[in-house]
Amino acid sequence: MLAPMRGAAAAALSELEREIDAPGAGLDRLRLVPTPFVPEVRLHLAEDAIVWWARMEAAVGHALPPPYWASAWAGGQALARHLLDHPELVAGQRVLDLAAGSGLVAIAAALAGAATVVANDIDPYAVAAVTVNARANRVAVDATGDDLLDSADAKADLVLAGDVFYSRTMADRMLPFLQRAAAGGAEVLVGDPGRGHLPTDRLTVLADYPVPTTEPSVDSSLRRVQVLRPA
């Protein structure tokens, strides 16, 4: 049995459950939809994450973290697709999904036959989103909001990280953790669409995919997304 949520994550879960159950439609609503490129997984996504964010901040009266969990990001889509197409990578493994966001990659790992799946994200709303999305897909995923990146042991056989090299600060903490995990014997897989802080000289490309994207800052409807592992 998974541990019950407490504190900020429990409050965020209650808020998301109310949002999901609320009647009505519009750009500021969440909808349960098949994920582009990974239709096996359904996610509660925002019709427009920026509009949803603005309404929620107005409702609570203070700033909230950017709702990265309310969109399907290209790196996660490619990584989830890779796991579902290659279930032998996952079957029977202890899996850790870092910066899990919506939980797309973690849910794909569970569907592919992982023994256990932990989805980690420091945003309480992401922890809540993983919980409601895992429930919608009828899989067991343990969502945690702890900051794991300074820990020495990944405590996993397979470590997954989609779209984690979006800033220098994040890259400088994420890469050493992934390298420690690999040195400790874990398989490490990264999904990335060529973001600016991707350390290409320290990663080896395993596969690439043409992923449909709805990211507002991207002009093309398709992005070439790579699945990589530490060199």
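**Figure 1. Trp73 and its ring partner Tyr68 in the predicted model.** At 27% relative accessibility, Trp73 counts as partly exposed. All the views shown here come from a predicted model. The ring of Trp73 pairs with that of Tyr68: the centres are 6.0 Å apart and the planes stand at 70°, so the pair is edge-to-face. Tyr68 has a relative accessibility of 46% and is also partly exposed, because buried requires a value under 20%.

**Figure 2. Phe37 and Tyr209, an aromatic pair between distant parts of the chain.** A pair of aromatic rings is described by the distance of the centres and the angle of the planes. For Phe37 and Tyr209 these are 5.9 Å and 70°, an edge-to-face arrangement. Phe37 sits in the loop between β1 (30-35) and β2, while Tyr209 belongs to strand β8, 172 residues apart. Tyr209 is buried, with a relative accessible area of 12%, whereas Phe37, at 24%, is partly exposed. The count of aromatic pairs in the model comes to six. Ring pairs also link Trp52, Trp69 and Tyr125 into a cluster.

**Figure 3. The surroundings of His82 in helix α3.** His82 counts as buried because its relative accessibility, 7%, is under 20%. Leaving out residues up to four places away in sequence, His82 touches Leu89, Leu189, Ala207, Tyr209 and Val227. One of these contacts, Tyr209, is the ring partner of Phe37.

**Figure 4. The largest nonpolar core, with 41 residues.** In soluble globular proteins, nonpolar side chains tend to be buried together. The residues with the most contacts inside this core are Leu83, Val90, Val95, Val117, Val141 and Leu160. Helices and strands that give two or more residues to the core include α3 (74-85), α4 (104-111), α5 (124-136), β2 (38-46) and β8 (203-212). The largest share, seven residues, comes from α4. Leu83 is in contact with Val90, Val105, Ala109, Ala112, Leu158, Leu160 and Leu189, with neighbours within four places in sequence left aside. Apart from this core lies another, of 22 residues, among them Ala154, Met170, Leu178 and Leu228.

**Figure 5. The largest pocket and its lining.** Rolling a probe the size of a water molecule over the atoms shows where empty space is left. The largest pocket has a volume of about 720 Å³. Its lining is made up of 33 residues, and those nearest the centre are Tyr68, Ala99, Asp121, Tyr166 and Met170. Tyr68 is thus shown in two settings: as part of this lining and as the ring partner of Trp73. Met170 lines the pocket and is also listed in the core of 22 residues. At least two lining residues are supplied by each of α3, β3 (94-98), α4 and α6 (168-183). Helix α6 gives the most, with four residues. By type, the lining divides into 18 nonpolar, eight polar and seven charged residues.

**Figure 6. Pro124 in helix α5.** At 26% relative accessibility, Pro124 is partly exposed. Once neighbours within four places in sequence are set aside, Pro124 is in contact with Ala8, Ala9 and Ala12. A second proline, Pro65, lies 59 residues from Pro124 along the chain, and the C-alpha atoms of the two are separated by 9.0 Å.

Terms used: Residues are numbered from 1 along each chain as its sequence is written. This is a predicted model: local features need pLDDT of at least 70, side-chain atom pairs count only at pLDDT 80 or more; totals for chains, interfaces and linings use all residues. Side-chain values use heavy atoms; hydrogens and water are left out. A nonpolar core is a set of buried Ala, Val, Leu, Ile, Met, Phe, Trp, Tyr and Cys residues joined through side-chain atoms within 4.5 Å. Buried means under 20% relative accessible area, exposed over 50%, partly exposed in between (1.4 Å probe, protein chains only). Contact means heavy atoms within 4.5 Å. Rings of Phe, Tyr and Trp (its six-membered ring) pair if their centres lie within 6.5 Å; planes under 30 degrees apart count as stacked, over 60 as edge-to-face and the rest as tilted. On a 1 Å grid over the protein atoms alone, a cavity is a set of points where a 1.4 Å probe fits but cannot get out, and a pocket is an open set with protein on both sides within 12 Å along at least five of seven lines; lining residues have an atom within 4 Å of a point. Grid points are joined across faces, edges and corners, and a volume is the space filled by probe spheres set on the points. Ala, Val, Leu, Ile, Met, Phe, Trp, Tyr, Cys and Pro count as nonpolar, Asp, Glu, Lys and Arg as charged, and the others, Gly among them, as polar.
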